[in-house]
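Subject: Structure for you to look at

Hi there,

Here is the structure I promised to pass on. Please have a look at it first, and then read my notes below.

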Amino acid sequence: MSIEIGSRFSRWRARAAGSLIAFGALVPAYGETAADSIALELNDASANAKACRLSFVIANGQSAAIDDMALELVLFDKDGRVDRFVVVRSGKVPAGKDRVRQFDIPETGCADIGRVLLNDVKECAGAGLTPPLCSDRIKASSRTAIGFEN
């Protein structure tokens, strides 16, 4: 009988340990919160004369304001070939706030852009912010037919 109790206890202990491990994977590391993120969404792509105007929503989920970011984007055509590199600037984005920024890509039709890659964060200015830290915190998404990833 003691063997059966022991094996029940062992099974319970194994289940409890598994639950704690699974829960631990959901909890951010010490000093880091889920709110320490920068959401960068490609919200719209529309024709503007001989350019494609890309509209981005930047949601600063950090406790620090972003004074400015320089983002290197790579535009791919519909066949997956690199079309061009562009560097765009975010300007100031207050802590906990959203900002919309628009960038015209000259001599480009929106239908010709297959996807956009956030290739690098060249600069990220703000209290305690660095390019690698900002790069790690950015989550890219798209509401358009053009893919956007980092």
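Let me begin with a proline. Pro106 has a relative accessibility of 48%, so it counts as partly exposed, the range for that class ending at 50%. Please keep in mind that this is a predicted model. Pro106 belongs to strand S5. If residues up to four places away in sequence are left aside, Pro106 is in contact with Lys50, Ala51 and Arg84. There is also a pair of C-alpha atoms to look at here: those of Pro106 and Asn48 are 9.0 Å apart, with the two positions 58 residues apart along the chain.

From Pro106 we can move on to the sheet that holds strand S5. This open sheet has 4 strands in the order S5-S2-S1-S7, and its pairing is mixed. S5 and strand S7 (138-142) are the edge strands, each with a single partner, so one side of each has no neighbour in the sheet. From one strand to the next, the twist averages 25°. S5 pairs with S2 in the antiparallel sense, over 9 bridges. If you would like a place to check the register, Ala59 stands opposite Asp98 in S5.

Another open sheet of 4 strands, again with mixed pairing, runs in the order S4-S3-S6-S8. Its edges are strand S4 (82-89) and strand S8 (147-149), each of which pairs on one side only. Neighbouring strands in this sheet are turned against each other by 20° on average, with direction ignored. Strand S3 (residues 68-77) and S4 run antiparallel and are joined by 7 bridges. Leu75 has Arg84 in S4 as its bridge partner, and Arg84 is also one of the residues that Pro106 touches.

Now for the cysteines. How many disulfides does a search of the whole structure find? The search finds 2, and with bonded cysteines counted along the chain they follow the pattern 1-2, 3-4.

One of them joins Cys52 to Cys110, with an S to S distance of 2.1 Å. This link is right-handed, with 105° about the S-S bond. It connects distant parts of the chain, 58 residues apart: Cys52 is in strand S2 (residues 51-60), while Cys110 is in the loop between strand S5 (98-106) and strand S6 (113-125). Are these two cysteines buried or exposed? Cys52 counts as buried because its relative accessibility is 0%. Cys110 is buried as well, at 18%, because the cut-off for buried is under 20%.

The other disulfide is formed by Cys124 and Cys134, whose sulfur atoms are 1.9 Å apart. The torsion about their S-S bond is about -50°, so this disulfide is left-handed. Cys124 lies in strand S6 and Cys134 in helix H2 (residues 131-137), so the pair ties together parts that are 10 residues apart in sequence. Both Cys124 and Cys134 are buried.

If you open the model, you could start at Pro106 in strand S5, follow the pairing of S5 with S2, and go on to the disulfide that joins Cys52 to Cys110. From there, the link of Cys124 in strand S6 with Cys134 in helix H2 would be a good next stop.

Happy browsing, and best wishes!

Note on methods:
Residues numbered from 1 in each chain as written. Predicted model: local features only at pLDDT ≥ 70, side-chain atom pairs only at ≥ 80, totals over all residues. Heavy atoms only, no water. Disulfide = S-S within 2.5 Å. Helix = DSSP H or I, 4+ residues; strand = E, 2+ residues; numbered from the N terminus. Buried < 20%, exposed > 50% of the residue type's maximum accessible area, 1.4 Å probe, protein only. Pairing = 2+ DSSP bridges. Axes fitted to C-alpha atoms, helices over the stretch in contact; angles between N-to-C directions. Contact = heavy atoms within 4.5 Å.
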